[in-house]
Each structure stands twice: as structure tokens, then as C-alpha cells.
Amino acid sequence: MLHQLRVRKRKRKFQAVPKLNMQKAYDRVEWDFLCDYMLKLGFSERWVSLVKQCISSVSFRINVNEELCEPFLPTRGIRQGDLLSLYLFIIMANLLSFLMTKVVEDGTVRGIKLNSSCLILSHLLFSNDAIFFLDGITQEAHNIASILN
């Protein structure tokens with residue numbers, strides 16, 4: 001795909017292909033948002049409650065000047081390496097893919113086409129990476145940023 005974009009004649013057309021490393025994305029998943037989305041997908045309330053208990057059972061203590069502070073409870077993040085976290089992250093990646101498909105259908109992100117008979121390509125998701133294909137318009141980059149937020 002990238003080779004095709006590089007070698008074709010673009011006739012003053014600019015495309016952008018930003019790549020995001022989602023390695024730290026595990027730390028950014030909001031628990032309430034994840035649970036609300038799972039309910040919307042049709043998971044039972046009991047199951048979502050059990051999942052929330054699993055992911056919210058963590059607390060942190062910080063060592064300052066060789067003295068432990070009081071523990072505090074976070075409100076987001078899923079633990080890497082935990083078997084459940086992998087599935088929860090896939091659920092969140094599914095939401096990202098759905099939102100990208102929706103903005104392409106709405107026309108707020110155009111994506112790119114290699115030729116007239118090719119499908120519109122807006123994104124690819126890998127294990128730790130997300131690649132977005134934009135038409136090179138600043139507004140499309142802002143739309144992608146708002147989806148990620």
C-alpha cells in the first residue's frame with residue numbers, strides 16, 4: 001500500500017499515513033467508558049460488573065524519599081499481561097474501527113483509494129499499532145484526534 005502511494009502519479013494530491021503506537025493505550029482505557037460500551041454491545045450487567053471488579057481491584061502506592069505514601073485508586077487503565085485485558089483491548093479496538101468506518105460513511109474523513117475500482121481505505125489495526133490513511137486535509141487529522149480522545 002505504501003509503495004503504491006509513493007510511486008503513483010498524484011497530480012497535486014497529498015495523502016497522510018500517520019501510524020500510532022498503541023502500546024500505552026492500555027493505560028488510557030477509562031473503566032466506565034469500557035463498561036458502558038460492553039453493555040451497549042449486549043454483555044449482561046452481571047458480566048460487566050464482574051469485569052469491572054477485576055480491572056478496578058488495583059491500587060498504587062508511591063515511594064517518595066524512601067517513604068510510602070497513602071494508596072490511591074486509579075479510574076482507568078487495564079493491566080498488560082493479564083489475559084482478560086487482551087480481550088478488553090480488542091473490544092476497544094473494535095470500537096475504534098467502528099468509529100472510523102462511521103466517519104468515512106459520513107464523509108468527515110475521506111480515506112484514500114489507490115484507483116477508481118479500489119475500496120476506500122481509512123485504517124488498519126495491528127497488535128500495537130494503528131495506521132490511518134488520510135486525504136491530507138488538516139480537518140481530517142482533527143477528526144481522527146477527536147475520535148481518539
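# Legends to the close-up views

**Figure 1. Trp47 and a nonpolar surface patch.** Trp47 lies in helix α3, which spans residues 45–55 (helices are DSSP runs of H or I with at least four residues, strands are runs of E with at least two, and both are numbered from the N terminus). The model is predicted: local features need pLDDT of at least 70 and side-chain atom pairs count only at pLDDT 80 or more, whereas totals for chains, interfaces and linings use all residues. Residues are numbered from 1 along each chain as its sequence is written, and side-chain values use heavy atoms, with hydrogens and water left out. Trp47 counts as partly exposed because its relative accessibility is 40% (buried means under 20% relative accessible area, exposed over 50%, and partly exposed in between, with a 1.4 Å probe and protein chains only). Together with Leu41, Phe43 and Leu50, Trp47 makes a nonpolar surface patch of about 340 Å². Patches are made of residues with over 30% relative accessible area and no salt bridge; nonpolar side chains (Val, Leu, Ile, Met, Phe, Trp, Tyr) are joined within 5 Å, and like charges within 9 Å. Accessible areas come from the Shrake-Rupley method with a 1.4 Å probe, and for residues only the protein chains shown count as cover.

**Figure 2. The chain as a whole.** Five helices and five strands make up the secondary structure of the chain. Their order along the sequence is α-β-α-α-β-β-α-β-β-α. The chain has 149 residues, of which 30% count as buried. Its exposed area is about 10,600 Å², and carbon and sulfur atoms supply 55% of this area. Of the contacts between residues at least 6 apart in sequence, 60% join residues at least 24 apart (a contact means heavy atoms within 4.5 Å).

**Figure 3. The crossing of helices α4 and α5.** Helix α4 covers residues 83–106 and helix α5 covers residues 138–148; their axes come within 10 Å and cross at roughly 150°. Axes are lines fitted to C-alpha atoms, for helices over the stretch in contact, and angles run from 0 to 180 degrees between N-to-C directions. The crossing of α4 and α5 is right-handed (the near helix is turned clockwise from the far one by less than a right angle; anticlockwise would be left-handed). On the α4 side, Leu96, Leu99, Met100 and Val103 meet Ile144, Ile147 and Leu148 of α5.

**Figure 4. Phe133 in the loop before α5.** The loop between β5 (129–132) and α5 holds Phe133. Phe133 is buried because its relative accessible area is 2%. From C-alpha to C-alpha, Phe133 and His123 are 5.8 Å apart in space, with their positions 10 residues apart in sequence.

**Figure 5. Positive phi values in the β2–β3 loop.** Asn65 is found in the loop between β2 (63–64) and β3 (67–68). Phi of Asn65 is near 55°, a positive value in a residue other than glycine. Asn65 counts as exposed because its relative accessible area is 73%. Glu66 lies in the loop between β2 and β3, and its phi is positive at about 60° although Glu66 is not a glycine. The relative accessibility of Glu66 is 78%, so this residue counts as exposed.

**Figure 6. Salt bridges between distant parts of the chain.** Side chains of opposite charge can pair when their charged atoms come close. The model contains four salt bridges (a side-chain nitrogen of Lys or Arg within 4 Å of a carboxyl oxygen of Asp or Glu). One of these joins Asp129 and Lys19, whose closest N and O atoms are 3.6 Å apart. Asp129 in strand β5 and Lys19 in strand β1 (residues 19–21) are 110 residues apart, and the pair links distant parts of the chain. Lys19 is exposed, with a relative accessible area of 52%.

**Figure 7. Two further salt bridges.** Arg76 and Glu30 meet through their side chains in a salt bridge, at 3.6 Å from N to O. This pair links the loop between β3 and α4, which holds Arg76, to the loop between β1 and α2 (31–41), which holds Glu30, across 46 residues. Both partners are partly exposed: Arg76 has 34% relative accessibility, and Glu30 has a relative accessible area of 36%. The salt bridge of Asp32 and Lys52 has an N to O distance of 2.5 Å. It links helix α2, with Asp32, to helix α3, with Lys52, the two residues being 20 apart. Asp32 is partly exposed at 49% relative accessible area, and Lys52 is partly exposed at 28% relative accessibility.
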